[in-house]
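Here's a quick tour of a protein model for anyone meeting it fresh. Take a look at the sequence and the structure, then read on.

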Amino acid sequence: MSVTTQGKAPGRGVSRTLRPTTKQLPEHARRHNRSLVLQTLFHSGPSSRADLARETHLTRVTVSDLVGDLLGEGLLHELGQRPGTRVGKPATLVGLNPDAFHIVCLDLSDEACLIGAVLDLSGRVLLRRKLKMQGRTGEVAVAGITSLCQELVGLATRPVLGVGIGSPGVVDPDGVILQAPNLGWTDLPLAAKLAAELGLPVHVANDANTAALGEHTYGGAGGSGLMVIAVGKGVGAGLLLDGALLGGHHYAAGEIGHVIVDERGEPCACGRRGCLETVVSAPALRAAIKGLDPRQADAALAAAGRRLGTALAPVVSALDLREIVLSGPADLLGGALRDAAIATIRKRTMPVVGNDVDLRMAALGEDVVLSGAAVLVLSGQLGVS
Ligand SMILES: [Zn+2]
């Protein structure tokens, strides 16, 4: 929502790439090229200036100029000469300096506690702090978030590049929480509020979208047709299509939890019956297998997986997805549920789409939202993702 994987200006969905409305100014081009160099080093690792020119299609002069600036800022460091024997002058390697800045990240998706961490630029978690929510909502919850951010900024031993936050609910590209019922927030300008308190850039996005960015940047997921389904107390999803996070008309793309899958099903928190959330949320799955022996439990999880697959098949087809990633409790999601869901998707879609779809557990485990929150900052501040 608030970012694309290229770190372009915020807008709605992927359509903004089709119809540019502003002219490219020289300072934009410089910023773009700077991001291109950083992005290349972020993904390819240490490179020579000649490698960078080749990879980015920028001139050697432009690359040398940009690298000089980035070395001066401490974002890059010189890594000596390339090992091995080569004819001519050995090339000096430069690489992204992971310790140039720290990033403060918060995951608000856990009902019971706020999870915060300090990460380096490579996405490594350096330290963690938790704050019990104890039912806090509204302004009281904001105060808790502010104090956790202040504590983490104080613990960072390098300058802080920014603060990234993955929050439940519908979040607009400016980091305004339009709606987060569980936290009692409506039209809350969380990013602006925290930025004013902390004096730092703050980037806020929906937690499932944040998880999708994390899996894409640090978990090896592709960006051409990725859906990350976050299963916790509720069920949400983030979508990366053609290299950009899909926002949708109401910034609510991926909100699949309240699609009805069983009209005679259980009552849902939204006031209706039989939403997907009443079948595959973590509490619903725990309740479904309570007291069952392992074989019966697997059968119950498989039944839930078939419901999930039925709900996903039209989405997979309409968007031509390649990868679906489940983020949540592996004991509930990783076995019979996953197997039944993918089998159902394949059965209900055209072979050209369904045969190739992969459904797996998140590579980043429980850190997926924290890692994605770091990507919000990297992308927003440096154009790297
Ligand atoms: Zn519902």
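Which residue of strand 11 does Gly164 stand opposite? Gly164 stands opposite His203.

## Ground rules

What you're looking at is a predicted model, where local features need pLDDT of at least 70, side-chain atom pairs count only at pLDDT 80 or more, and totals for chains, interfaces and linings use all residues. Residues are numbered from 1 along each chain as its sequence is written, and side-chain values use heavy atoms, with hydrogens and water left out.

Helices (H or I, at least four residues) and strands (E, at least two) are DSSP runs, numbered from the N terminus.

## The five-stranded sheet

Let's start with the sheet around that opening pair. Five strands make up an open sheet in the order 6-5-4-7-11, with mixed pairing; two strands pair if DSSP finds at least two bridges between them. Strand 6 (125–132) and strand 11 are the edge strands, each pairing on one side only. On average, neighbouring strands here are turned by 15° against each other, direction ignored. For angles like these, axes are lines fitted to C-alpha atoms (for helices over the stretch in contact), and angles run from 0 to 180 degrees between N-to-C directions.

Strand 7 (residues 160–167) has partners on both sides. Strand 4 (residues 102–107) runs parallel to strand 7, joined by six bridges, and Asp107 has Gly166 as its bridge partner. With strand 11 (residues 202–206), strand 7 pairs in the parallel sense over five bridges. Along that border, Ile165 stands opposite Val204 and Ser167 opposite Asn206.

## What covers the sheet

Eight of the eight residues of strand 7 are buried, so this strand is largely enclosed by the rest of the structure. Buried means under 20% relative accessible area, exposed over 50%, and partly exposed in between (1.4 Å probe, protein chains only). Strand 11 is likewise largely enclosed, because five of its five residues are buried.

Two helices sit against these strands. Helix 5 (residues 190–198) packs on the sheet and touches strand 7 and strand 11, with its direction at about 155° to that of strand 11; contact means heavy atoms within 4.5 Å. Helix 6 (residues 207–217) lies across strand 7 and strand 11, running at about 105° to strand 11.

Just before strand 7, Thr157 lies in the loop that follows helix 4 (138–155). At 65% relative accessibility, Thr157 counts as exposed. The C-alpha atoms of Thr157 and Glu366 are separated by 24 Å, with their positions 209 residues apart along the chain.

## A three-stranded sheet

There's also an open sheet of three strands, in the order 8-9-10 with antiparallel pairing. Strand 8 (170–171) and strand 10 (185–188) are at the edges with a single partner strand each, so one side of each is left without a neighbour in the sheet. Strand 9 (residues 177–180) pairs with strand 10 over three bridges, and Ile177 has Leu188 as its bridge partner.

## The zinc site

Which atoms hold the zinc ion? It is coordinated by His258 (ND1), Cys268 (SG), Cys270 (SG) and Cys275 (SG), at 2.0 to 2.3 Å. Donors are N, O and S atoms within 2.8 Å of the metal (3.2 Å for Na, K and Ca); water is not among the atoms, so sites may look incomplete. The four donor atoms subtend angles of 101 to 120°, which makes the arrangement tetrahedral (four donors with all angles between 85 and 135 degrees).

In sequence, the donor residues are spaced H-x9-C-x1-C-x4-C. His258 and Cys275 both lie in the loop between strand 14 (244–245) and helix 7 (277–280), so the pair ties together parts that are 17 residues apart in sequence. His258 is partly exposed, at 32% relative accessibility, whereas Cys275 is buried at 0%.

## Nonpolar cores

A nonpolar core is a set of buried Ala, Val, Leu, Ile, Met, Phe, Trp, Tyr and Cys residues joined through side-chain atoms within 4.5 Å. The largest one has 35 residues, of which Met227, Ile229, Leu308, Leu312, Ile324 and Leu337 touch the most other members. Elements giving two or more residues to this core include strand 12 (225–231), helix 9 (294–319) and helix 11 (336–348). A second, separate core has 32 residues, among them Val37, Phe42, Leu76 and Leu370.

Terms used:
Four donors count as tetrahedral if all angles lie between 85 and 135 degrees; four count as square planar and six as octahedral if opposite donors are over 155 degrees apart and all others between 65 and 115; anything else is irregular.
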